[in-house]
Amino acid sequence: MNVPFVDLKVQYDNIKDDIDSAIKNVITETAFIGGKYVKKFSEEFASLYGVKHCIPVANGTDAIYIILKMLGIGLGDEVITVANSWISTSETISQTGARPVFVDVDEYFTIDVNKIQQVITSRTKAIIPVHLYGQMADIEAIEKICKENNLFLIEDCAQSHFSSMNGIRAGIRGIASSFSFFPGKNLGAYGDAGAIITNDDGLAEKMRMFANHGALIKHQHKIEGINSRLDGLQAAILSAKMSYILEWTENRINCANCYNNLLKDISQIKLPKIRPNTKHSFHLYVILAKDRDKLMIHLKNKGIETAIHYPTPLPFMAAYEYLGYSKSDFPVVYNNQSKILSLPIFPELTIDQQTYIADSIKEFFL
Ligand SMILES: *Cc1c(COP(=O)(O)O)cnc(C)c1O
């Protein structure tokens with residue numbers, strides 16, 4: 001049996017008619033840039049989240065950059081974020097001229113709220129928690145820290161579509177929140193795509209303008225901006241997927257529960273813990289495994305594709321050497337680095353595939 005890490009082809013096969021007609025409409029109507037399909041998707045996404053504004057952008061990285069820039073963050077400022085994430089979270093901080101400040105993770109793989117206070121300085125302007133793997137960071141505690149210290153809260157929701165804490169979805173508490181629709185994300189386009197959601201009218205207008213060369217009306221550039229547009233094809237594809245996304249999220253959670261059952265008796269691995277009072281949307285199912293590298297090879301030989309998110313924590317990357325961190329500054333992330341392993345998870349993953357994966361892991365440890 002072969003199990004891919006993510007199977008986007010089987011998803012396409014299941015909804016082929018919806019996708020094909022969405023693509024055909026955009027082409028026959030030549031609604032490539034801007035236009036009705038981009039507007040339609042933005043409205044649908046805002047409405048599903050119950051927020052006032054959804055600003056469609058080119059990708060999830062731009063989404064973070066646009067939020068930071070339009071909050072006025074730049075040279076001389078510091079922005080706190082988490083040591084384990086995709087580099088978009090921190091490189092966009094640097095792109096504004098500000099300095100990324102990293103914090104170790106807790107037992108849930110998200111920013112350790114007990115270690116935030118000690119890195120806040122007079123230059124700190126914002127905190128960007130990442131709801132990594134679909135797991136909510138302790139957003140209520142972070143919101144409190146932001147209020148007490150007068151900091152902006154920006155949620156990186158690239159991996160957490162429809163995760164929630166106490167019934168409030170990831171992306172609702174921040175002044176603005178970024179989403180990615182990279183093909184492999186829980187809601188994925190067929191190319192690059194992203195969005196920002198916010199309830200702040202003034203900020204929404206600025207971000208919309210900045211993402212479109214600084215102009216809300218063509219040729220009237222109030223400021224210099226960037227070109228970060230969601231294209232019509234991607235928007236139409238995303239709209240076609242919107243009617244399935246909540247069901248797909250439940251399927252992911254079912255897959256995770258199935259893994260929990262199948263893997264529970266293997267003492268050499270630790271299963272992902274779910275933060276109390278939260279809904280984990282399982283973008284990734286990440287275990288901590290003994291002999292991780294050898295296990296990965298064993299699974300590969302069995303036709304099972306796994307991955308590591310991420311092999312090198314951000315502060316240990318060559319790109320951040322200049323910040324002068326050492327391994328002992330991030331003991332949890334450092335310890336996890338050689339153990340984390342992401343198993344295949346996607347809405348269409350079958351029980352047979354999961355059983356095969358579990359049996360293959362058991363075989364390795366026997
Ligand atoms: C995917 C991702 C991004 C960036 O999204 P792109 O659409 O690829 O630019 C940002 N942050 C995190 C945590 C991500 O996983």
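**View 1. Helix H4 (60–70) and helix H5 (88–95) each put at least two residues into the shell around the ligand.** Keep in mind that this is a predicted model. The ligand has 15 residues around it, and Gly60, Thr61, Gln159, Ser180 and Lys185 are the closest of them. Sorted by class, that shell comes out as eight polar, five nonpolar and two charged residues.

**View 2. Zooming in on the ligand's polar partners: Asp156, Ser180 and Lys185.** On the nitrogen side, a ligand N atom sits 2.8 Å from an N or O atom in the Asp156 side chain. Over at Ser180, an N or O atom of the side chain is 2.7 Å from an oxygen atom of the ligand. Lys185 also has a polar side-chain atom 3.1 Å from a ligand oxygen. On its own the ligand has 380 Å² of accessible area, and the protein covers 93% of that.

**View 3. Here's the largest cavity, with a volume of about 80 Å³.** There are two cavities of 30 Å³ or more in the structure. The largest one is lined by 14 residues, and those closest to its centre are Val6, Leu8, Gln11, Lys185 and Arg252. Its lining is a mix: five nonpolar, five charged and four polar residues.

**View 4. Next up is the second largest cavity, with about 60 Å³ of space.** Lining this one are Asn84, Val105, Phe109, Tyr133, Tyr310, Pro313, Val333, Asn336, Gln337 and Ile340. Seven of these lining residues are nonpolar and three are polar, with no charged ones.

Technical notes:
Residues are numbered from 1 along each chain as its sequence is written. This is a predicted model: local features need pLDDT of at least 70, side-chain atom pairs count only at pLDDT 80 or more; totals for chains, interfaces and linings use all residues. Side-chain values use heavy atoms; hydrogens and water are left out. A residue is near a molecule or strand if one of its heavy atoms lies within 4 Å of it. A polar contact is a pair of N or O atoms within 3.5 Å; within protein, one must be able to donate a hydrogen and the other to accept it, and residues adjacent in sequence count only if both atoms are side-chain atoms. Accessible areas come from the Shrake-Rupley method with a 1.4 Å probe; for residues, only the protein chains shown count as cover. Helices (H or I, at least four residues) and strands (E, at least two) are DSSP runs, numbered from the N terminus. Ala, Val, Leu, Ile, Met, Phe, Trp, Tyr, Cys and Pro count as nonpolar, Asp, Glu, Lys and Arg as charged, and the others, Gly among them, as polar. On a 1 Å grid over the protein atoms alone, a cavity is a set of points where a 1.4 Å probe fits but cannot get out, and a pocket is an open set with protein on both sides within 12 Å along at least five of seven lines; lining residues have an atom within 4 Å of a point. Grid points are joined across faces, edges and corners, and a volume is the space filled by probe spheres set on the points.
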